[in-house]
Amino acid sequence: MIEATGLTKSYGSKTAVYNLSFRVLPGKVTGFLGPNGAGKSTTMRMILGLDAPTDGSVTIGGHQYRELPNAPRLVGALLDANAKHGGRSARAHLLCLAQLSGIPARRVDEVLDVVGLTQVARKRSKGFSLGMGQRLGIAAALLGDPQVLLFDEPVNGLDPEGIRWVRELMRRLASEGRTVFVSSHLMSEMAQTADHLIVIGRGQLMADLPVRAFIEQNSTGFARLRTPDGDEAGREKLVRVLAEAGGQVQAEPEGTLKVTGVELPRISELAHAADVRLWELSPHHASLEEAYMRMTQGAVDYRSSEDQRSGLQGPPQQAPGGWQQPVGPQGGYAPPPPGAGFGAPPPAHAAPPHPPHAAHQAAAPYRPEDAR
């Protein structure tokens with residue numbers, strides 16, 4: 001179990017984490033969510049003793065990380081997939097970690113097989129893709145067969161098969177009674193992977209709830225219904241009846257009606273009593289992403305805006321050579337015509353300023369004698 005109590009971390013005048021308290025329990029996958037800059041990585045670094053808290057404390061199994069005997073055998077973590085020596089092979093990297101922790105060499109080959117890197121085990125890791133680096137980092141976290149695991153953005157760079165594999169791995173580890181703490185920005189993955197959520201914003205706790213309870217508290221479910229095409233009278237009658245029953249009805253572009261404030265069985269009863277046929281009546285619940293966006297919208301530090309393309313859609317410009325530089329189809333400037341440049345183009349009969357050189361003949365074919 002991981003337990004944080006009043007955890008605070010300041011860097012000069014900036015407070016990255018403030019008075020943060022939570023528990024990460026074994027036997028479930030706990031998702032750690034928050035906008036960029038919310039303090040997630042700082043919190044994980046304090047859990048692992050890489051950063052010292054300004055105030056408060058965080059323990060693993062009742063002990064600070066630095067007090068744990070042979071911590072890598074008890075806690076595995078992936079915070080940075082690039083934390084490796086690029087000149088070493090994947091196997092050599094893991095073997096070095098194993099020897100430092102008293103882990104038998106055979107375990108290295110086991111975890112390489114688990115993460116699917118057996119075929120590239122003896123290749124230098126500097127040539128690995130981002131996804132392969134993530135797999136190697138996960139292998140390092142699993143090396144000591146730990147009871148507590150922390151992963152920061154573990155699916156970065158992975159293809160769909162890799163993402164699915166990580167999801168199943170997390171759930172399997174939790175089902176074995178381990179404590180699994182995962183930070184991610186992919187809400188669709190958290191919805192399928194996590195059992196519990198801890199959400200922070202600007203360094204402070206915003207939610208500590210099971211996934212289903214989090215969605216219910218931060219979203220509103222609704223019913224979608226459709227009346228027969230052309231039955232405008234029945235549609236208007238049903239809207240009036242639903243409004244009288246306390247419902248809020250909103251017309252949608254595709255011709256359906258979105259109803260809130262009235263439960264599905266009651267909508268069916270009202271439609272039957274009003275003698276209005278329904279072609280569709282279905283419940284809809286908000287996704288984790290929608291609930292998360294609604295909760296954290298006030299804690300986002302970086303917001304995008306519309307690209308106005310100011311000054312890029314004006315009239316054609318006069319270039320120094322006298323030719324007109326036309327506006328391209330996407331609002332940018334089209335390239336100059338052949339021969340146009342800064343100054344008048346040279347006469348057609350003028351000799352080239354420099355004799356041709358092999359280095360400038362990009363299309364010249366390669367000849368074996370050139371290498372002599």
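This is a chat about the fold, one buried residue and the open and closed spaces of a predicted model.

Student: Hi! What are we looking at here, and how is it numbered?
Tutor: It is a predicted model, where local features need pLDDT of at least 70 and side-chain atom pairs count only at pLDDT 80 or more, while totals for chains, interfaces and linings use all residues. Residues are numbered from 1 along each chain as its sequence is written, and side-chain values use heavy atoms, with hydrogens and water left out.

Student: How many helices and strands does the protein chain have?
Tutor: There are 11 helices and 15 strands. Both are DSSP runs numbered from the N terminus, helices being H or I with at least four residues and strands E with at least two.

Student: And what share of the residues is buried?
Tutor: Of the 372 residues in the protein chain, 40% count as buried. Buried means under 20% relative accessible area, exposed over 50%, and partly exposed in between, with a 1.4 Å probe and protein chains only.

Student: What about contacts between residues far apart in sequence?
Tutor: Among contacts in the protein chain with a separation of 6 or more, 64% come from residues 24 or more positions apart. Contact here means heavy atoms within 4.5 Å.

Student: Let's go to the start of the chain. How do β1 and β2 pair?
Tutor: Strand β1 (residues 2–11) and strand β2 (residues 14–24) are antiparallel, with 7 bridges. Two strands pair if DSSP finds at least two bridges between them. Tyr11 sits opposite Lys14 of β2.

Student: What sort of turn links them?
Tutor: The two strands make a hairpin with 2 residues between them, and Gly12 in that turn has a positive phi of about 65°.

Student: Which sheet do they belong to?
Tutor: They are in an open sheet of 3 strands, in the order β2-β1-β4, with antiparallel pairing. β2 and β4 (55–60) each have a single partner strand, so one side of each has no neighbour in the sheet. Neighbouring strands are turned by 20° against each other on average, direction ignored. Axes are lines fitted to C-alpha atoms, for helices over the stretch in contact, and angles run from 0 to 180 degrees between N-to-C directions.

Student: How many bridges join β1 to β4?
Tutor: β1 and β4 run antiparallel and are joined by 5 bridges, and Thr8 stands opposite Asp55 in β4. Helix α1 (residues 40–47) packs on this sheet, touching β1, β2 and β4, and its direction makes about 115° with that of β1.

Student: Nice. Which strands make up the sheet that includes β10?
Tutor: That one is an open sheet of 4 strands in the order β11-β12-β10-β13, and the pairing is antiparallel. β11 (248–251) and β13 (280–284) are at the edges with a single partner strand each, so one side of each is left without a neighbour in the sheet. Neighbouring strands are turned by 25° against each other on average, direction ignored.

Student: Where does Ala251 pair, and what lies across the sheet?
Tutor: The bridge partner of Ala251 is Leu257 in β12. β11 and β12 (residues 257–260) pair over 4 bridges. Helix α10 (residues 264–273) lies across β10 (222–226), β12 and β13, at about 160° to β13.

Student: Switching topic: is Phe181 buried or exposed?
Tutor: Phe181 counts as buried because its relative accessibility is 0%. Phe181 is in strand β7 (residues 179–183).

Student: Which residues is Phe181 in contact with?
Tutor: Leaving aside neighbours within four places in sequence, its contacts include Ile2, Phe22, Val24, Phe32, Met44 and Ile198. Phe181 and Leu25 are 156 residues apart in sequence and 9.1 Å apart in space, C-alpha to C-alpha.

Student: Any cavities?
Tutor: The whole structure has 1 cavity of 30 Å³ or more, and the largest cavity has a volume of about 80 Å³. On a 1 Å grid over the protein atoms alone, a cavity is a set of points where a 1.4 Å probe fits but cannot get out, a pocket is an open set with protein on both sides within 12 Å along at least five of seven lines, and lining residues have an atom within 4 Å of a point. Grid points are joined across faces, edges and corners, and a volume is the space filled by probe spheres set on the points.

Student: What lines the largest cavity?
Tutor: Its lining includes Ile163, Met170 and Met190, and α6 gives the most, with 4 residues.

Student: And the largest pocket?
Tutor: That pocket holds about 580 Å³ of space. Of its 25 lining residues, Ala77, Leu78, Leu97, Ala140 and Ala141 lie nearest its centre.
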